[in-house]
Amino acid sequence: MTGTHALDPTQQSLWRPLRLLQASLDAGIARIYDEQQIDGLKPSFIMELLRLHACGPMTIAELAESVQLTHSAVSQKVAAMRKADWVQTVVGDDARTRKVTLTDKARRVVPRLAAEWRATEAALADLEAEIPYPLSRVVTDIERALERKGFQDRIAEKLAGDPAWE
């Protein structure tokens, strides 16, 4: 490698296109919300809002487990959703716990959010039908490969042969 590529390994990335694709898809969803004048709603909030609607108030730990994210990630997301008036926290089953619950504003739009979720899933299914190797299959195949050898082990093997790591 020469020039910038030798100094900056981030110039090459196998995952960047996937992150950019996800951002592009999310931007399309966000434009749908904007067109419908659903202000302050981010596509990244939808799963949690729909899960709270379906399951009722939950602690951050329960919500995190439900959506398969870390406690920290959901705590940050809840703070952002609270600031945008999508959720509120209320006293839980005992005075030591807090539960996350939907606000009236969120309850009013939940049916539309569920409709958008279904439409998004249908649009993704259409996209997958157009391509020779669907992304859902890619994910399953990667998960199976990682069961055979974990990602950490794969990285460690590569680092073992890199003199800059030692």
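The points below describe the fold, surface and selected residues of a predicted model.

1. Overall architecture. The protein chain contains eight helices and two strands. Read from the N terminus, the order of elements is α-α-α-α-α-β-β-α-α-α. Five helices thus precede the two strands in that order, and three helices follow them.

2. Dimensions. The radius of gyration of the protein chain is 20 Å, whereas a compact globule of 166 residues would have a value near 15 Å. The C-alpha trace extends over about 55 × 45 × 35 Å along its principal axes. These two descriptions of the protein chain may be read together with the burial and contact figures in the next point.

3. Burial and contacts. Of the 166 residues in the protein chain, 22% are buried. Among contacts with a separation of 6 or more, 38% join residues 24 or more positions apart.

4. Surface and charge. The protein chain exposes about 12000 Å², and carbon and sulfur atoms supply 56% of that area. There are 22 positive and 24 negative side chains in the protein chain. The centres of the two sets of charges lie 3 Å apart.

5. The β-hairpin. Strand β1 covers residues 87-91 and strand β2 covers residues 98-102; the two pair in the antiparallel sense over five bridges. They form a hairpin, with six residues between the strands. Within this pairing, Val-90 stands opposite Lys-99 in β2.

6. Thr-101. This residue belongs to strand β2. Its relative accessible area is 13%, and Thr-101 is therefore classed as buried, the cut-off being under 20%. Apart from residues up to four places away in sequence, Thr-101 touches Pro-57, Trp-86, Val-87, Gln-88, Val-90 and Arg-107. Of these partners, Val-87, Gln-88 and Val-90 fall within the residue range of β1. As background, side chains in a regular strand alternate between the two faces of the sheet.

7. Ile-46. Helix α3 comprises residues 46-55, and Ile-46 is located in it. With a relative accessible area of 1%, Ile-46 is buried. When neighbours within four places in sequence are set aside, the contacts of Ile-46 are Tyr-33, Leu-41, Leu-113, Glu-116 and Trp-117. Ile-46 and Val-91 are separated by 45 residues in sequence, and their C-alpha atoms are 23 Å apart in space. Val-91 itself lies within the range of strand β1.

8. Gln-68. Although Gln-68 is not a glycine, its phi is positive, at about 60°. The residue occupies the loop between α4 (60-67) and α5 (71-83). Gln-68 has 72% relative accessibility and so counts as exposed, the category for values over 50%.

9. Asp-85. A second residue that merits inspection of its backbone is Asp-85, which is not a glycine yet has a positive phi of about 65°. Asp-85 sits in the loop between α5 and β1. Its relative accessibility is 40%, so Asp-85 counts as partly exposed.

10. Summary of the residues discussed. Thr-101 in strand β2 and Ile-46 in helix α3 represent the buried class, with relative accessible areas of 13% and 1%. The loop residues with positive phi are Gln-68, which is exposed, and Asp-85, which is partly exposed.

Terms used: Residues are numbered from 1 along each chain as its sequence is written. This is a predicted model: local features need pLDDT of at least 70, side-chain atom pairs count only at pLDDT 80 or more; totals for chains, interfaces and linings use all residues. Side-chain values use heavy atoms; hydrogens and water are left out. Helices (H or I, at least four residues) and strands (E, at least two) are DSSP runs, numbered from the N terminus. The radius of gyration is taken over C-alpha atoms; the globule rule is 2.2 Å times the number of residues to the power 0.38. Buried means under 20% relative accessible area, exposed over 50%, partly exposed in between (1.4 Å probe, protein chains only). Contact means heavy atoms within 4.5 Å. Accessible areas come from the Shrake-Rupley method with a 1.4 Å probe; for residues, only the protein chains shown count as cover. Lys and Arg count as positive and Asp and Glu as negative; His and the chain ends are not counted. The place of a charge is taken as NZ of Lys, CZ of Arg, CG of Asp or CD of Glu. Two strands pair if DSSP finds at least two bridges between them.
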